[in-house]
Amino acid sequence: MKRSPAAKLSAARGGAKLAQAALIACALLPALSLLCLRLQPALLRVSGPTVQLLLVIVPLSSFLLAVFLWKARFHITQLEAQQAEVIHKAGVDPLSGLPNRLFFQQLLDDAVAQSSPEAPIALIAIDIDNFKCVNDGHGHGAGDRLITGIAKRIRRVTREGDCLARLGGDEFALMLVNVENAVQCAAMAHRIHDAMVAPFDLGSAQLFVTVSLGVAMCPQDGSTAETLAQAADLALYRAKHEGRNRFAFFDKAMEQKLHLGKTIADDLRAAIVRDELTIAYQPLLSSCGMRMQGLEALVRWQHPELGPVPPEDFIPLAESRGLVVPLGEWVLRRACSDARRWPHLRIAVNVSPVQFRQRGFVAKVKSILEATGFDPNRLDLELTEGVLIQDAEQAENVIMELRALGIRMGLDDFGSGYSSMIYLRRFAFDKIKIDRAFLASLETNGEGAIILESIISLGHALGLTVTAEGVESADQVEFLQKLGCDELQGYFFDPPLSAEVIDERLSMNAWVAPAAEEPRLPAPVEARRGVSAA
Ligand code: C2E
Ligand code: CA
Ligand code: CA
């Protein structure tokens with residue numbers, strides 16, 4: 001059986017202790033024999049030959065034991081060196097050559113223990129933006145090359161005494177010692193961003209890559225290594241959330257938000273069980289005749305104390321706390337059963353990536369359709385790019401299975417992500433929904449209009465229905481109509497409305513344009529809104 005270096009070392013240490021004890025015992029023996037010599041006449045009379053034998057054996061055995069001990073010590077030194085090497089290797093990330101998470105934690109612990117308000121330290125959490133797309137689109141070899149390239153560039157801009165570590169994946173951490181103030185941290189963050197400006201050579205491609213940074217200072221933002229790291233992570237989260245390729249400093253409000261997040265997650269669990277969520281339906285209109293084609297189901301939550309919580313706040317929480325599966329199923333079931341009373345309309349339901357990746361998702365959708373008696377040909381499922389990034393093959397199969405049921409698959413927020421064009425080629429979508437950011441930049445940015453036009457032509461060339469969301473003005477409607485966009489959705493027409501308001505409006509024929517009417521612009525929503533919005 002092969003023993004670990006640590007086990008060998010402890011065995012050798014045990015052996016050496018024994019040898020040491022034996023040597024001490026043997027060292028006593030020459031002293032004893034000397035005593036014997038002094039007392040020789042008396043002793044010789046008692047047992048002369050025995051003492052003489054002792055006088056030879058004792059120094060000889062002492063010498064032999066000393067040799068054994070020396071060898072044992074040498075062995076220990078060797079094993080200790082081996083173990084030091086093992087520890088060194090375990091503390092270093094083999095890809096980047098930087099300290100790894102474990103080693104960095106020890107270094108951070110020590111630095112935090114020595115820091116004080118007069119001698120603060122700072123921690124910068126660093127994350128590569130869209131790293132998954134690099135791995136996915138260019139292979140893991142390219143991903144590895146990017147990691148080493150980024151590590152080198154950051155190291156080049158750090159000062160002596162600063163410690164850069166790779167915590168795993170695309171996460172790095174930089175500990176700054178002897179920082180006097182936040183301005184110095186900001187300067188370092190700028191230096192890191194500047195270091196990323198040139199493209200990275202990944203062998204197969206040259207790629208422009210950005211990083212997001214979260215900065216926290218010790219002791220004011222966290223007085224232990226753990227709380228400091230948490231603060232830097234929260235700041236990083238904000239930098240990512242605000243659009244990536246930037247840095248953010250930790251502030252106390254983030255911490256409060258985290259606590260609030262915990263409360264919300266607990267309450268959301270109860271809200272799903274108690275059926276306290278509702279759905280608002282936002283109309284989708286045909287661009288040419290301004291007829292209502294369908295409705296998008298958007299979940300709503302009225303928190304008993306906090307009031308309405310936007311889905312963009314609670315859906316990510318539901319995803320991270322494992323609640324999005326029951327939540328998504330609830331929305332699908334409710335939307336299908338509500339929509340049975342609108343037989344001429346399609347219903348679009350959003351599917352979170354976490355929900356989509358769940359084993360048995362297709363079977364669940366099928367069972368909900370059966371239970372509610374809803375026609376799968378009237379159902380659209382809207383996916384975002386996030387679904388496609390991880391395990392593309394699995395996503396491809398699930399999309400095909402859902403389409404085989406008659407469900408129409410839509411790619412939501414098209415153009416907001418990293419490489420939507422690639423996804424259009426690979427996955428069998430039926431429709432794309434252009435991200436509302438394109439429309440928002442349309443008036444001010446001529447390039448935005450060109451991109452929009454290209455997306456619509458591309459969608460049509462691929463035989464897809466093209467929907468524009470976030471339509472807020474008559475000018476936008478006119479422009480989108482000119483470009484031949486198929487469906488429009490936005491506050492210009494209607495905000496998301498409760499099922500009851502939809503019923504009322506339908507009974508008033510509010511959305512159905514007279515047959516054979518030429519395309520025309522409807523009155524803005526304010527003018528038509530007689531009933532309260534959801
Ligand atoms: P989304 O799927 O892109 O939904 C469209 C969002 O844009 C909705 O926000 C809608 O109210 C808003 N919107 C509609 N027209 C306009 C407009 O003219 N201007 C602007 N600025 N915004 C407009 P909402 O309801 O807050 O939902 C936000 C996001 O939350 C949704 O984005 C979707 O990603 C997610 N979401 C909502 N309901 C569900 C759900 O049941 N399941 C899942 N997984 N996600 C949902
Ligand atoms: Ca959507
Ligand atoms: Ca969208």
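Aspartate 412 is shared by two metals in this structure, bridging the calcium ion (ligand 3) and the calcium ion (ligand 2), which lie 4.0 Å apart. The structure is a predicted model, and the pair of ions makes a convenient place to start reading it.

The calcium ion (ligand 3) takes its protein donors from Asp412 (OD), Asp413 (OD) and Glu469, the last of these contributing two OE entries, with distances of 2.1 to 2.4 Å. Along the chain, these donors follow the spacing D-D-x55-E. Aspartate 413 belongs to strand 13 (residues 408-414), whereas glutamate 469 sits in the loop between strand 15 (465-468) and helix 18 (474-483), so the pair ties together parts of the chain that are 56 residues apart in sequence. The two residues also differ in their cover: aspartate 413 is partly exposed, at a relative accessible area of 25%, while glutamate 469 is buried, at 7%.

Turning to the other metal, the calcium ion (ligand 2) has Glu296 (OE), Asn350 (OD1), Glu382 (OE) and Asp412 (OD) as its protein donors, at 2.2 to 2.3 Å. Their spacing along the chain reads E-x53-N-x31-E-x29-D. Here asparagine 350 comes from strand 11 (residues 346-350) and aspartate 412 from strand 13, so this pair links parts that are 62 residues apart in sequence. Asparagine 350 is partly exposed, with a relative accessible area of 29%. The bridging residue, aspartate 412, is instead buried, with a relative accessible area of 8%.

Strand 13 holds a further residue that deserves a look, arginine 408. With a relative accessibility of 18%, arginine 408 counts as buried. Its side chain joins that of aspartate 380 through a polar contact of 2.9 Å.

Ligand 1 offers a second site to explore. There are 22 residues around ligand 1, of which Gln282, Arg300, Arg436, Glu472 and Tyr491 come nearest. By character, the residues of this shell divide into nine nonpolar, five polar and eight charged. Strand 9 (292-303), helix 9 (311-320) and strand 13 each supply at least two residues of the shell, and strand 9 gives the most, with four. Strand 13 therefore has a part in both settings, as it supplies residues to the shell around ligand 1 and carries the calcium donor aspartate 413.

Several polar atoms of the protein approach the nitrogen atoms of ligand 1. A nitrogen atom of the ligand is 2.5 Å from an N or O atom in the side chain of glutamate 472. Backbone atoms take part as well: a ligand nitrogen atom is 3.2 Å from a polar backbone atom of valine 299, and a ligand nitrogen atom is 3.4 Å from a polar backbone atom of serine 352. Taken alone, ligand 1 exposes 800 Å², and the protein buries 86% of that area.

The strands that follow one another in this part of the chain can be traced through their pairing. Strand 13 and strand 14 run parallel and pair over three bridges, with leucine 411 standing opposite isoleucine 432 in strand 14. Strand 14 (residues 431-434) is in turn joined to strand 15 by four bridges, again in the parallel sense. Within that pairing, lysine 431 has threonine 465 of strand 15 as its bridge partner. From strand 15 the pairing continues to strand 16 (residues 487-488), to which two bridges join it in parallel. The bridge partner of threonine 467 in strand 16 is glutamate 487.

In a regular strand, the side chains alternate between the two faces of the sheet. Both faces of strand 14 are covered, as Lys431 and Lys433 on one side and Ile432 and Ile434 on the other are all buried. The two lysines are thus listed among the buried residues of this strand together with the two isoleucines.

A last detail concerns helix 17 (residues 446-461), where isoleucine 456 is found. Isoleucine 456 is buried, with a relative accessible area of 1%. Its C-alpha atom is 6.4 Å from that of valine 466, although the two residues are 10 apart in sequence.

Definitions and conventions: Residues numbered from 1 in each chain as written. Chains lettered and ligands numbered in written order. Predicted model: local features only at pLDDT ≥ 70, side-chain atom pairs only at ≥ 80, totals over all residues. Heavy atoms only, no water. Donors = N, O, S within 2.8 Å, 3.2 Å for Na, K, Ca; no water. Buried < 20%, exposed > 50% of the residue type's maximum accessible area, 1.4 Å probe, protein only. Near = heavy atom within 4 Å. Polar contact = N/O pair within 3.5 Å; in protein donor to acceptor, adjacent residues only side chain to side chain. Areas by Shrake-Rupley, 256 points an atom, 1.4 Å probe, with all protein chains shown as cover. Nonpolar A, V, L, I, M, F, W, Y, C, P; charged D, E, K, R; others polar. Pairing = 2+ DSSP bridges.
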